[in-house]
Amino acid sequence: MDSQHLNPSTLKSRFTARFLRALIKINAQKPISSSSPREIFQRYRRIKVAADKSMAYSVRSRRTWSRATLWKLQSRSRRRLASSGRRSSIKTRTTTTTTTTTTSTNHRAAIVEKTSHEKENKEDHVGLAVQAEELRELVPGGESMDLCNLLDETAHYIKCLTTQVQVMKKIANLYSLE
Amino acid sequence: MSSRRWRESSRTNMSEEQITQLLSTLRQLLPEIPHSHSHKASSAAKVLKQTCNYIKTLHREVDDLSDRLSQLLATIDADSAEAAIIRSLLT
């Protein structure tokens, strides 16, 4: 386990370094004395985004889910710069939902076509389609993947999420000891 | 036409094997759940459902930890803590 920490190129080390740097930046932005609930909430939002961002950057564009996350984050910051405070994100979110529905309908049609070939696994396939839809909503970028890729991406996504939780837990424990 | 159908079905058969393999990979990543009827081969849908629940749990953990961190950041001294944490986590 120690060798993992020494190796600067493991996912854990890359994520830890990035996330800590982001935390330092967030901490430096506001004076510590002002800890109103609203500011704490804003900090919570920033920390959460920083955590997801750090993980996506540590994976880079090697995975569809990390590319989708990075694209989402970049388009969000671009929108924020363009609108200068006005809430234009609602419009874009609607567009994304429409795309999801279209793609998911196509996927559902493809999976239903499959069930006509295997009658004994019919129930399994129908349940599979429903669960696959739910999974597509949870994994970033899942809307445009076929089932094989979705499962592959999900496995990697879960591995990264567990690393993220592990590191965040360690940091929180260290902070609470101070 | 028939050749296309044959190609489609063969693609489906290949995907079935791949899917089974990927599902077993997923199953290994999921946390152990003490179920009395675990001897029953978990159907693909069940594995996916467990996966969805696990991802939702992980998301919730990230939320809780972010919340904890946001409150902790408000109460600690910046520089000394950062240096100590970086040193302990990366060396």
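Is Asp52(A) buried, partly exposed or exposed? Asp52(A) counts as partly exposed, at 26% relative accessibility. The model that holds this residue is predicted.

Chain A is helical. Its secondary structure comes to seven helices and zero strands. From the N terminus on, the elements run α-α-α-α-α-α-α. The chain has 178 residues, of which 40% count as buried. Its exposed surface is about 10500 Å². Carbon and sulfur atoms supply 54% of that area. Contacts in chain A were also sorted by separation in sequence. Of those between residues at least 6 apart, 59% join residues at least 24 apart.

Chain B also consists of helices and loops without strands: three helices and zero strands are assigned. Along the sequence the pattern is α-α-α. Of its 91 residues, 33% count as buried. Chain B exposes about 5900 Å², and carbon and sulfur atoms supply 52% of this surface.Charged pairs come next. Side chains of opposite charge can pair when their charged atoms come close. Over all chains, the whole structure contains seven salt bridges. One of them lies within chain A. Lys48(A) pairs with Asp52(A), and their closest N and O atoms are 3.5 Å apart. Both residues belong to helix α3 of chain A, which spans residues 37-59. They are four residues apart in this helix, so about one helical turn separates them.

Lys48(A) has a second partner. The side chain of Lys48(A) meets that of Asp63(B) in a salt bridge, at 3.6 Å from N to O. Lys48(A) lies in helix α3 of chain A, while Asp63(B) lies in helix α2 of chain B, residues 44-73. The pair therefore joins two chains. Asp63(B) is partly exposed, with a relative accessible area of 23%. Lys48(A), Asp52(A) and Asp63(B) are thus linked in a network of salt bridges.

Another salt bridge involves helix α2 of chain B. Glu61(B) pairs with Lys169(A), and the closest N and O atoms are 3.4 Å apart. This pair also crosses between chains, from helix α2 of chain B to helix α7 of chain A, residues 147-177. Glu61(B) is partly exposed, with a relative accessible area of 27%. Lys169(A) is partly exposed as well, at 37%.

Which angle do α7(A) and α2(B) form where they pack? The angle is about 25 degrees, and the axes are 9 Å apart. Angles under 35 degrees count as roughly parallel. That makes α7(A) roughly parallel to α2(B). The crossing of these two helices is left-handed.

Helix α2 of chain B also packs against α3(A). The axes of α3(A) and α2(B) come within 8 Å and cross at roughly 125 degrees. This angle makes α3(A) oblique to α2(B). The crossing is right-handed. On the α3(A) side, the contact is made by Ile40(A), Arg43(A), Tyr44(A), Ile47(A), Lys48(A) and Asp52(A). On the α2(B) side, the contributing residues include Val62(B), Asp63(B), Ser66(B), Asp67(B) and Leu69(B). Ser70(B), Gln71(B) and Leu73(B) also take part. The contact thus includes Lys48(A), Asp52(A) and Asp63(B), the residues linked in the salt-bridge network.

Two further sites in chain A were examined. Arg60(A) is in the loop between α3 and α4. Its phi is positive, at about 60 degrees, although Arg60(A) is not a glycine. At 46% relative accessibility, Arg60(A) counts as partly exposed.

Ser77(A) is in helix α4 of chain A, residues 64-83. At 33% relative accessibility, Ser77(A) counts as partly exposed. How far apart in space are Ser77(A) and Lys53(A)? From C-alpha to C-alpha, the distance is 12 Å. In sequence, Ser77(A) and Lys53(A) are 24 residues apart.

Technical notes. Residues numbered from 1 in each chain as written. Chains lettered and ligands numbered in written order. Predicted model: local features only at pLDDT ≥ 70, side-chain atom pairs only at ≥ 80, totals over all residues. Heavy atoms only, no water. Buried < 20%, exposed > 50% of the residue type's maximum accessible area, 1.4 Å probe, protein only. Contact = heavy atoms within 4.5 Å. Areas by Shrake-Rupley, 256 points an atom, 1.4 Å probe, with all protein chains shown as cover. Salt bridge = Lys/Arg side-chain N within 4 Å of Asp/Glu carboxyl O. Axes fitted to C-alpha atoms, helices over the stretch in contact; angles between N-to-C directions. Parallel < 35°, antiparallel > 145°, perpendicular 65-115°, else oblique. Left-handed = near helix turned anticlockwise from the far one by under 90°.
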